[in-house]
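This report concerns one protein model and is to be read beside its sequence and coordinates.

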Amino acid sequence: MANTVTISPEALQAQRDICRQIADYWQVRRREPLAWVDTYGCQQNENDSERIRGMLVECGYKIAPTEEDADVIVINTCAVREHANQRVFGNIGALVHGYRRHPGQIIALCGCMAGQKEVVERLRNSFHHVRLVFTSHELWRFPELLQRTLLSGKRVFATEPSDGSIAEGLPVLRSSGLKGWLSIMYGCNNFCSYCIVPYVRGRERSRQPADILAEAREMIAAGYRDITLLGQNVNSYGKDLDCGVDFADLLAQLAELDGDFLLRFMTSHPKDASKKLFDTMARYPKIAKVIHLPFQAGNDRVLKEMNRRYTAAQYLELVDYARSVMPDIVLTSDVIVGFPGETDEEFEDTLRLIERVRFDALFTFIYSPREGTPAAAMPDPATREQKQRNFDRLVAAQNRISDERHREYVGKTIRCLIDGVDEQDQSLLTARTDGNRLVRLPGEAALVGQFRQIRITASGTWSLMGELAE
Ligand code: SAH
Ligand code: SF4
Ligand code: F3S
């Protein structure tokens, strides 16, 4: 294996021993302590929070639904845009009142913001009630860090820069019994010029195929029906392993497992998405016919400045190939509006690209400068108003396209996973198509967890209406 550091089973056993010591600590005090975990950001963070909850439960904590009276509050943060950071600072500021009422409460901040030097300095100097700060690289030794904070009465900072590691066998408390995340790799090596992720998540490192297959088997046996494989760039899976298994191979091995389940994955980088990947998706019924393939910009000069390493033409070629082998594939994407130096004419190329592809859904962002990334130092003459205007045009165009695409579903019968009862209207169930489109339908709660054929009866911009076809 290349340079990937794997945490030894002995070191992980030591963490489990510490969990037991923390549980004993609370038992002699005759208290069942409460913990609350708040998550910002992407699916990777959701999955990390499930691990944190798993470890907290091993330490004897009960997971509380709110921060009220929690003995431990863990805030798992995202740094991808400035807005995310500001929300977190606002929320931890507000926690000071509860902290004053609850002596001994531990407020911990972890995740991607803990990897930003300037954030750590600000926490050190101005947020004294935040008593534990650790990066995602230190997640595996959270029990040790928690114990040190609990016993020493001192603030603990585990924020040294690191390329990251892999830890197998951490406990996990998944939030749903039906749909689950499965991380196949961590970190990112792409250094897109606007993006903070490679700085806070470390280098790309893949888990061993055998470990991933074992976790998938456990999930399937536990009743999971919808499994999403996670990585910042799943298409470069295995490059650091030298074991001859690439992402398409891994996907095929997983799709051959027994059981009634559906596989998805995210995120794919267009520069590494291969025809082999699309052929594999087409071949296996257990792989959902959907791909989230961020294009970020439709103009080649902007793409080059973004360090994306593909052109708009190459992107379109990939989409055309995917559709040639899977005509009904659902396509979603991410776009950034207002990258430094993007002109109004260059932005027109983004509009052209979405009209050409007709994505099912689009996640649109206004560029946010991240300290330490190359783009943050680029001249950025466009005004906020100009960027907002382009952003609004993009959103309006995509809403129209999403609406039109949703209308194409009406009258069709599609297999969906019924995944819950509608929160707004309890007489309705919610279901998801292969492509993750939301369908609402009348039905009994007993159907939750089943794959069923659903006839689509009506459509809107955000969801579809349907009825059981049998
Ligand atoms: N690894 C994934 C995406 C991770 S971040 C990928 O490569 O596709 C999710 C999305 O946030 C990105 O796709 C991008 O569209 C957006 N994003 C990242 N950095 C940003 C920034 N500085 N400003 C605005 N949007 C950003
Ligand atoms: Fe960020 Fe690019 Fe890596 Fe995605 S591929 S996480 S956008 S650097
Ligand atoms: Fe945010 Fe970190 Fe994910 S920056 S998008 S939580 S990898």
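The sections below treat the domains, two ligand shells, one residue and the strands.

The model is predicted: local features need pLDDT of at least 70, side-chain atom pairs count only at pLDDT 80 or more, and totals for chains, interfaces and linings use all residues. Residues are numbered from 1 along each chain as its sequence is written, chains are lettered from A and ligands numbered from 1 in the order in which they are written, and side-chain values use heavy atoms, with hydrogens and water left out.

**Domains.** The domain assignment divides the protein into domain 1 (5-165), domain 2 (177-280), domain 3 (289-408) and domain 4 (413-468); such bounds come from an automatic or database domain assignment. Between the C-alpha centres of domain 2 and domain 3 the distance is 24 Å. Their contact (heavy atoms within 4.5 Å) takes 21 residues from domain 2 and 28 residues from domain 3.

**Ligand shells.** A residue counts as near a ligand if one of its heavy atoms lies within 4 Å of it. Ala, Val, Leu, Ile, Met, Phe, Trp, Tyr, Cys and Pro are classed as nonpolar, Asp, Glu, Lys and Arg as charged, and the others, Gly among them, as polar.

| Ligand | Surrounding residues | Classes |
|---|---|---|
| Ligand 2 | Cys188, Asn190, Phe191, Cys192, Tyr194, Cys195, Val197, Pro198, Gln232, His269 and Arg308 | seven nonpolar, three polar and one charged |
| Ligand 3 | Gly41, Cys42, Asn45, Cys78, Ala79, Val80, Cys112, Arg201 and Gln232 | five nonpolar, three polar and one charged |

**Isoleucine 7.** This residue lies in the loop between β1 (5-6) and α1 (9-28); helices (H or I, at least four residues) and strands (E, at least two) are DSSP runs, numbered from the N terminus. Isoleucine 7 counts as buried because its relative accessibility is 12%, the limit being under 20% relative accessible area with a 1.4 Å probe and protein chains only (exposed is over 50%, partly exposed in between). Beyond its neighbours within four places in sequence, isoleucine 7 contacts Leu12, Trp140, Ser165, Ile166 and Ala167. Alanine 167 is 160 residues away from isoleucine 7 in sequence, yet 5.1 Å away in space, C-alpha to C-alpha.

**Strands.** Strand β2 (residues 34-39) is largely enclosed by the rest of the structure, because five of its six residues are buried. Two bridges join β2 to strand β3 (residues 62-63), and the two run parallel; leucine 34 has lysine 62 as its bridge partner in β3. Strands pair if DSSP finds at least two bridges between them.

A closed barrel of five strands runs β17-β18-β19-β21-β20, with mixed pairing. Within this barrel, strand β20 (residues 451-459) and strand β21 (residues 464-468) run antiparallel and are joined by five bridges, and isoleucine 454 has leucine 468 as its bridge partner in β21.
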